[in-house]
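Colleague: I have the sequence and the fold open at the bench. Can we go through it piece by piece, with short answers?

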Amino acid sequence: MSEHQNQDPTGIEKIEESVLQTEQFLEKNLKLILSVIGVVVIAVGGYFGYQKFVAEPAAEKAAIALYKAEDKFITGQDSLALKGEGVAAKGLEAIIKEYSGSDAANIAQAYKGIALYDAGKYQEAIDALGKYEGKDAYVAPSLKRLQGDAYSQLGKYQEAAKLYEEAGKQADNDAISPSCYIKAGHAYEKLGNKAKALELYQIVKDKYYASPESQSVEADIIRASAK
């Protein structure tokens, strides 16, 4: 993902550079996870019976349209993924509009938010990601964390910190939560609230001790503890 635009005299940006490659890896895998969910939308419909698609033909059309659009998305052709290639290959924006309320439209909303973030359209990405509906412990909090990243890019650290914390709590697992709390801590440090930052770093060390971040967070704890 992109580096923060604002320069930070405390040196937090230098620390964040060390997790940049990890963030890029997570984003790529988020795309893959979402694409699998997209396939499941089609597979589940077939599994539970032809009658569902007879009764709800729009759901089938939406799933097929998503299948075509996500190929562009996964391969990084974000503009084509968003706008599509005419009637034969609808873009994410058209899928969201035409099949509102469907599972495929919900996944398309997540794709759209990620694509807009990658394009540097942070406010639009925030708006799009906020419309995704999900309560799972991996995709939903990862998208919320990305919203936080977008706010950080805009220099809105209070909003970013709030979303990072929410994402960490929603995930409550070693894979997602530690990075969320560390990002929240960095945001609070930028806001001058070292006490809150230290509290979040300590959560990573104590609660998520099996995660790789439980070791790297030591540097954050030392920095936030310094007077």
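Colleague: What span should helix H11 have at 1.5 Å a residue?
Modeller: This is a predicted model. H11 runs over residues 177–190 and has 14 residues. Its end C-alpha atoms are 20 Å apart, which agrees with the expected span because that span is also 20 Å.

Colleague: How many residues of H11 are buried?
Modeller: H11 is mostly covered. Of its 14 residues, the number buried is 13.

Colleague: Which residue just after H11 takes a positive phi?
Modeller: The phi in question is about 85 degrees. The residue that takes this positive value just after H11 is Gly-192.

Colleague: Which salt bridge partner does Asp-149 have?
Modeller: Asp-149 sits in helix H9, residues 139–153. Its partner lies in helix H11, 34 residues apart along the chain, so the pair links distant parts of it. Both residues are buried. The N to O distance is 3.0 Å, and the partner is Lys-183.

Colleague: Is Tyr-201 buried or exposed?
Modeller: Tyr-201 lies in helix H12. Buried means under 20% relative accessible area. Tyr-201 has 0% relative accessibility, so it counts as buried.

Colleague: Which side chain makes a polar contact with the side chain of Tyr-201?
Modeller: Tyr-201 touches several residues beyond four places in sequence, including Tyr-181, Ile-182, Gly-185 and His-186. Val-217 and Ala-224 are also among them. The polar contact is at 2.5 Å, with the side chain of Glu-189.

Colleague: How far apart in space are Tyr-201 and Ser-179?
Modeller: In sequence, Tyr-201 and Ser-179 are 22 residues apart. C-alpha to C-alpha, the separation is 9.8 Å.

Colleague: Which residue meets Asp-220 in a salt bridge?
Modeller: Asp-220 is in helix H13, residues 213–225, and its partner is in that helix too. The two are 3 residues apart, about one turn of the helix. Both are buried. The N to O distance is 2.9 Å, and the partner is Arg-223.

Colleague: What does helix H4 reach from its first C-alpha to its last?
Modeller: H4 covers residues 57–74, which makes 18 residues. At 1.5 Å a residue, 26 Å is expected. The model is close to that, with a reach of 26 Å.

Colleague: Why does Phe-73 count as buried?
Modeller: Phe-73 is found in H4. Other buried residues of this helix include Ala-62, Leu-66 and Glu-70. Phe-73 counts as buried because its relative accessibility is 0%.

Colleague: How far is the C-alpha of Phe-73 from that of Lys-112?
Modeller: Along the chain, Phe-73 and Lys-112 are 39 residues apart. Their C-alpha atoms are separated by 8.8 Å.

Colleague: Which residue meets Lys-72 in a salt bridge?
Modeller: Lys-72 is in helix H4, and its partner is in the loop between helix H5 (78–83) and helix H6 (92–98). The two are 13 residues apart. The partner counts as partly exposed because its relative accessibility is 46%. The N to O distance is 3.6 Å, and the partner is Glu-85.

Colleague: Which helix gives the most to the largest nonpolar core?
Modeller: That core has 50 residues. Leu-66, Leu-92, Ile-95 and Leu-143 have the most contacts inside it. One helix, residues 103–118, gives 9 residues, and that helix is H7.

Colleague: Is Asn-106 buried or exposed?
Modeller: Asn-106 has its place in helix H7. Beyond four places in sequence, Asn-106 touches Lys-131, Tyr-132 and Glu-133. The cut-off for buried is under 20%. Asn-106 is at 18% relative accessibility, so it counts as buried.

Colleague: How many salt bridges does a search of the whole structure find?
Modeller: Some are linked: Lys-144, Lys-162 and Glu-166 form a network of salt bridges. For the whole structure, the search finds 12.

Colleague: Which helix has the lowest mean pLDDT?
Modeller: The chain averages a pLDDT of 82, and 75% of the residues score at least 70. Helix H12 has the highest mean among the elements, at 98. Over residues 14–22 the pLDDT stays under 50. The lowest mean of the elements is 41, in helix H3.

Conventions. Residues numbered from 1 in each chain as written. Predicted model: local features only at pLDDT ≥ 70, side-chain atom pairs only at ≥ 80, totals over all residues. Heavy atoms only, no water. Helix = DSSP H or I, 4+ residues; strand = E, 2+ residues; numbered from the N terminus. Expected span 1.5 Å × (residues − 1). Buried < 20%, exposed > 50% of the residue type's maximum accessible area, 1.4 Å probe, protein only. Core = buried A, V, L, I, M, F, W, Y, C linked by side-chain atoms within 4.5 Å. Contact = heavy atoms within 4.5 Å. pLDDT = per-residue confidence, 0-100. Polar contact = N/O pair within 3.5 Å; in protein donor to acceptor, adjacent residues only side chain to side chain. Salt bridge = Lys/Arg side-chain N within 4 Å of Asp/Glu carboxyl O.
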